[in-house]
Amino acid sequence: MVASPLFRVNGEPSSALGLSRGQVVLLALAMTVATLLRAYPYFGLAYPAGGDYGHHLHFADGYRTTGHVPLVNEYFQRGLTHWVVLPGAGMIYALLASFAGTSAFDVAPFTALTGGLECAGVFLLARRLFGRSDAAVLAALISALFPAGPDMIAWAGYANLLVIALLPFTLLSWLRYWDQPSPSNLAITVVLVCGTAAIHHFSTLWLGLILSTFTLVMGAAAPRASAGKIAVAVGVGIAMGLPVLSAALALAAGANAAGVVLGANPRFEITRIDWAHWDRIASTISLALLGGLFPILRRRFGAVADRRMLLAHLGICALFGWGWLVGINFSYYRAVYFLGLPTALAGAAMVASSPRNARTLLGGLLVVALGLGTAFRLPGAIRYYSILTPDVVEGLAWLERSSGPRDVVAVGSFLGFHAPRLLRRATIVAMPPHQVGNTEELPLAADAMTVLSGAEGFDDALDRQSVRWIVITANSGDTPQPKISLDALATKTRVSEVFRNDGLVVFHVGARQ
Amino acid sequence: MMSASRPSALSVALSGVALWMSVGALLVWLTGGEGPYAWTRAMVVLSGLAAYMLLLVHVLLDIQTPLPVKVAPVGPHRRAAVLGPMALILVAAVVTRTAWPGSALLLFGLAPLAVLVLPGLGLSIALLKRRSLIEQLLQAAPLSIGGLLVVVLWLDLLGVRNSLEVMAVCGLTLTGLGFLSGWRDRRDAV
């Protein structure tokens, strides 16, 4: 392996990480750019873009004010279902808000720091894989510009973002423990794995499967040498992570996780990865970057354990991304969001494997192309997911004044994350089946979908859920599409438009004729 | 990787004592139900369990092999130099939280440092001794998040109501580990 720098600097002294001064600047730049890209939804908007944070931060505020993990979301799906969610993300926002003496919604912008955090983790993991800092810095740069993070923060997948940022640290700690099973490495591994596993259900499944696959493969290769390490890590992990385990098992039971992943469930057929998903979340250029996996797998970089960990990660991504090809029905484009880490490592490997005098040019071109693609896509995503605007909030305030405390309101999927908190009325939220985490919610979500799309069974669904009001966003994306809802409701004589501004349209539901 | 050296009798004995302490406290807690002393019981259980785990790890692994030093490790004096700013930030955060809750200085400066950095820095100083200062800083936020979540989730499982005081104790404990470790290293170096 040639150890020439990718980015030439003129004889600066090395820092403690073996970085030249130029590389320190590039790493700091990568972390700053990643943070700024994710901070975009917080600039110039009255409310951050996205729907999901309405739930995450409402949960955090509930935890902050009551001191206990909330079990029911009072107004969401009429308060009839359990709030099936891992509590970690809400707890972190609650801790931060409590210490700052503010609401959890005031600390939302700190989510942007996940960008810098992810870059740091990718850098440390890449430095271990490549054994050289220049390639690690390039991996951090690719990770900073990978479009998945900015796309995810546009729709406010805060918990998922947090786990993706922590994932490289967790994998690194597991690899270090595997090499050197010292008490300090064990403690760090257990703290990171347990903490990360407490944050987001889907990511916990991911993390668990990656670590299990890696451990099984390594254990099978050297059973006697591995048994002690595995036994101690599992024992201490279970003891320290008992609350995480109990929360995860409760959630798995509530969401019927085994049935969802292994059963013949058609819910996820529409979430199979297509080209539009790939281009939006990973960008076209990532296909070229993934070509860099070949030098890694051809053993040009990294130890055996490192390569197996990377393969385990890729295998789980492939399983959930394209598992339908082998009969697994839980196939979800969310898998593409997890490809940021392997893409960054592969991209750095590709550049590091290229001819010496072409490296800086190739690395620069990749970074510029990836960065421009992300920068161009981001404003559109922010616009699409700008659910809350002053007009929408004004409309919800009008509805709160005009409705009775027991009235039921039907809302779309995106607005449904915010409406229960802002409206303080029982809502039924239209969600397509693949977005429903808790199977208890399926019938309520289906009725709301019927109502908002004006489909067959419209009147029955209204009566079954005692719906008095229907709310449609006027200027942002939602599910069902607001235009479809507005066109459908215009043909229904039972509903009448009673409020409209630039952000919201409200219909009142009359008696059945 | 694992050394062949036998654990000392003292380690084994202390491990046993810690185990029985935690089991006893757990039984007391299980039979006691909720009440004004729930917090105390929870702390006893957690302390016992933590001591047991640390000793168990020590007994089972008892690793002697140091990590290969690829980069310049942090000397005790450099590590100790971090402790001063850490203490200063901590004091400033507590004072600001008491006097000006919700202020911009607290929200955008001291609170994130106190919650997302200091506890993890404490852990990384204590556990990543042979790593560089920059790596200890890079690992601070993940360890803060992981460490705080493990403690807070345990408290929730034990029925302890979350409050600012509880969280402050959690954060200070984790941060304190770093202080203790740094102070001990400095003393040993002297």
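**Exercise 1. The core.** Work out which residues touch the most other members of the largest nonpolar core, and which helix gives the most to this core.

*Solution.* Start with the term: a nonpolar core is a set of buried Ala, Val, Leu, Ile, Met, Phe, Trp, Tyr and Cys residues joined through C-beta atoms within 7 Å. Buried, in turn, asks for 20 or more other C-beta atoms within 10 Å of a residue's own; 12 or fewer is exposed, in between is partly exposed, and C-beta atoms are placed from the backbone. The largest core holds 215 residues, and A:Ala139, A:Ile142, A:Ala348 and A:Ile470 touch the most other members. Helix 7 (residues 158–179) of chain A gives the most, with 16 residues. Helices (H or I, at least four residues) and strands (E, at least two) are DSSP runs, numbered from the N terminus.

Before going on: this is a predicted model, where local features need pLDDT of at least 70 and side-chain atom pairs count only at pLDDT 80 or more, while totals for chains, interfaces and linings use all residues. Residues are numbered from 1 along each chain as its sequence is written, and chains are lettered from A and ligands numbered from 1 in the order in which they are written.

Now zoom in on A:Ile142. Contact means C-beta atoms, placed from the backbone, within 7 Å. Leaving aside neighbours within four places in sequence, A:Ile142 is in contact with A:Leu289, A:Thr343, A:Ala344, A:Gly347, A:Ala348, A:Leu366, A:Val367 and A:Leu370.

**Exercise 2. The sheet.** Find the strand order of the open sheet of 5 strands, then go through its pairings.

*Solution.* Strands pair if DSSP finds at least two bridges between them. The order is 2-1-3-5-4 (chain A), with mixed pairing. Strand 2 and strand 4 (495–500) of chain A sit at the edges, each pairing on one side only. On average, neighbouring strands are turned by 30 degrees against each other, direction ignored. For angles like the helix ones below, axes are lines fitted to C-alpha atoms, for helices over the stretch in contact, and the values run from 0 to 180 degrees between N-to-C directions.

Next, the pairs:

- Strand 1 (residues 408–411) and strand 2 (residues 426–429) of chain A run parallel, joined by 4 bridges; A:Val409 stands opposite A:Thr427.
- Strand 1 also pairs with strand 3 (residues 467–473) of chain A, parallel again, over 3 bridges. Here A:Ala410 has A:Ile470 as its bridge partner, and A:Ile470 is one of the core residues from Exercise 1.
- Strand 4 and strand 5 (residues 504–509) of chain A are antiparallel, with 5 bridges; A:Arg500 is partnered with A:Val505.

Last step, the packing. Helix 19 (residues 390–402) of chain A touches strand 3, strand 4 and strand 5, and its direction makes about 20 degrees with that of strand 5. Helix 21 of chain A lies across strand 1, strand 2 and strand 3, at about 80 degrees to strand 2.

**Exercise 3. Helix 21.** Say what covers the buried residues of helix 21 of chain A.

*Solution.* Helix 21 (residues 442–453) has 12 residues and reaches 16 Å from first C-alpha to last, close to the 16 Å expected at 1.5 Å a residue (the expected span is 1.5 Å times one less than the number of residues). Its buried residues include A:Leu444, A:Ala448 and A:Leu452. The cover includes strand 1, strand 2, helix 22 (458–464), strand 3 and helix 23 (482–490) of chain A. After the helix comes A:Gly454, with a positive phi near 60 degrees.

**Exercise 4. Backbone oddities.** Locate a cis peptide bond and two residues other than glycine with positive phi.

*Solution.* Most residues other than glycine have a negative phi, and most peptide bonds are trans.

1. The cis bond joins A:Thr479 and A:Pro480, with omega about -5 degrees. A:Pro480 is in the loop between strand 3 and helix 23 of chain A.
2. A:Arg78 has phi of about 60 degrees, in the loop between helix 2 (53–66) and helix 3 of chain A. A:Arg78 counts as buried because it has 20 C-beta neighbours inside 10 Å.
3. A:Ser466 has phi near 55 degrees, in the loop between helix 22 and strand 3 of chain A. With 13 C-beta neighbours inside 10 Å, A:Ser466 counts as partly exposed.

Conventions
Contact = placed C-beta atoms within 7 Å.
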